[in-house]
Amino acid sequence: MSVPKFDAVLDKIVQEIPQPEIISTQDVFHDLMSCVLEQQIHYRSTKKIFQKMLNTAGIERLSPSNFPILEEKALKADAKLSMGKYETLLSILDFWERHHMDWFAMHDNEVRNHLSQIKGIGKWTVDMILLYTLQRPDVFPYDDFHLKQIMTSLYGLDPKVKLKASMIKISEKWSNQKSLAVLYLLDWKKYQKLA
């Protein structure tokens, strides 16, 4: 994968930091649960809420078969879990019990269509699964809070005036390598904190 050279801002970042590397779990169920409980995919999280829950339950990788253990040992102990989040977890579980999908064999739109059938799963969550878990090359999660902040800052965008449209226009320069460009931008923020 190589980043397109038509974006001076991105090109500068590519020269400044190492290429982002994501080691995927390749487990859509596990990562969906992580997205719901963390509000971001677990290996992107700084709070590590999901990992703490897994540790409490003595689980390494969450699956439909060991979900009751997480529910008993970690979820019931966490009084902060909203009813909406809990219902989404149950909707994911129900979907997995009724469907057996080969997520890796599907096109992006097929993945989007299937996952968006699950109550409580929105576009941002599906984008995170496509970007991080399935590692698809052409994902642009314009709803991501951190990506909005970064692009507003780096590209001088006005967050109050057609932000989504401006972000999408910039992303068009990245052709079908939007995922790598997004990962570079998100990593750039991390490197700024370290500097």
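**Figure 1. Burial and overall build of the chain.** Of the 195 residues in this chain, 47% count as buried. Keep in mind that the model is a predicted one. The secondary structure is 10 helices and zero strands, so, going from the N terminus, the element string simply reads α-α-α-α-α-α-α-α-α-α. The radius of gyration comes out at 18 Å, close to the 16 Å that the globule rule gives for 195 residues, so the chain is as compact as a globular protein of that length. Lined up on the principal axes, the C-alpha atoms fill a box of roughly 50 × 35 × 30 Å. As for contacts with a separation of 6 or more, 60% of them come from residues 24 or more positions apart.

**Figure 2. Helix H2 against helix H5.** Here the axes of H2 and H5 come within 10 Å and cross at roughly 170°. An angle over 145 degrees counts as roughly antiparallel, and that makes H2 roughly antiparallel to H5. On the H2 side, the residues in play are Val28, Phe29, Leu32, Met33, Val36 and Leu37. They meet Lys85, Thr88, Leu89, Ile92, Leu93 and Trp96 of H5. Sorted by class, this contact has 10 nonpolar residues, one polar and one charged.

**Figure 3. Zooming in on Trp96.** This tryptophan sits in helix H5, which covers residues 83-98. Is Trp96 buried or exposed? Its relative accessible area is 16%, and since the cut-off for buried is under 20%, Trp96 counts as buried. Leaving aside residues up to four places away in sequence, Trp96 touches Val28, Phe29, Leu32, Pro64, Trp103, Leu115 and Ile118. Three of those names, Val28, Phe29 and Leu32, turn up in the H2 side of the H2 and H5 contact as well. Pro64 is another partner of Trp96: the two are 32 residues apart in sequence, yet their C-alpha atoms are 7.2 Å apart in space.

**Figure 4. Helices H6 and H7.** H6 takes in residues 108-115 and H7 residues 123-133; they pack at an angle of about 140°, with 10 Å between their axes. That makes H6 oblique to H7. The crossing of this pair is right-handed. From H6, the contact draws on Asp108, Val111, Arg112 and Leu115, while H7 brings in Val126, Asp127, Ile129 and Leu130. The split for the H6 and H7 contact is five nonpolar, no polar and three charged residues. Leu115 also appears among the residues that Trp96 touches.

**Figure 5. Helices H3 and H4, with Met53.** H3 packs on H4 (residues 67-75) at an angle of about 100°, and their axes are 8 Å apart. H3 and H4 are therefore roughly perpendicular to each other. What meets what? Met53, Leu54, Thr56 and Ala57 of H3 meet Ile69, Leu70, Lys73, Ala74 and Leu75 of H4. By class, the H3 and H4 contact divides into seven nonpolar residues, one polar and one charged. Met53 belongs to helix H3, residues 49-57, and at 6% relative accessibility it counts as buried. For a sense of reach across the model, take Met53 and Ala8: they are 45 residues apart along the chain, and their C-alpha atoms are separated by 42 Å.

**Figure 6. Two loop residues with positive phi.** Gln26 is placed in the loop between helix H1 (8-16) and helix H2 (28-38). Its phi is near 55°, a positive value in a residue other than glycine. Lys162 goes in the same view: its phi is near 45°, again a positive value in a residue other than glycine. The loop that holds Lys162 runs between helix H8 (145-155) and helix H9 (163-171). With 65% relative accessibility, Lys162 counts as exposed.

**Figure 7. A lysine at 16% accessibility.** Where does Lys178 lie? Lys178 is found in helix H10, which spans residues 178-194. At 16% relative accessibility, Lys178 counts as buried, whereas Lys162 in the previous view counts as exposed. Residues touched by Lys178 are Pro137, Asp138, Val139, Phe140 and Ser171, not counting residues up to four places away in sequence. Of these partners, Ser171 falls in the range of helix H9 (163-171).

Note on methods:
Residues numbered from 1 in each chain as written. Predicted model: local features only at pLDDT ≥ 70, side-chain atom pairs only at ≥ 80, totals over all residues. Heavy atoms only, no water. Axes fitted to C-alpha atoms, helices over the stretch in contact; angles between N-to-C directions. Helix = DSSP H or I, 4+ residues; strand = E, 2+ residues; numbered from the N terminus. Parallel < 35°, antiparallel > 145°, perpendicular 65-115°, else oblique. Left-handed = near helix turned anticlockwise from the far one by under 90°. Contact = heavy atoms within 4.5 Å. Nonpolar A, V, L, I, M, F, W, Y, C, P; charged D, E, K, R; others polar. Buried < 20%, exposed > 50% of the residue type's maximum accessible area, 1.4 Å probe, protein only. Rg over C-alpha atoms; globule rule 2.2 N^0.38 Å.
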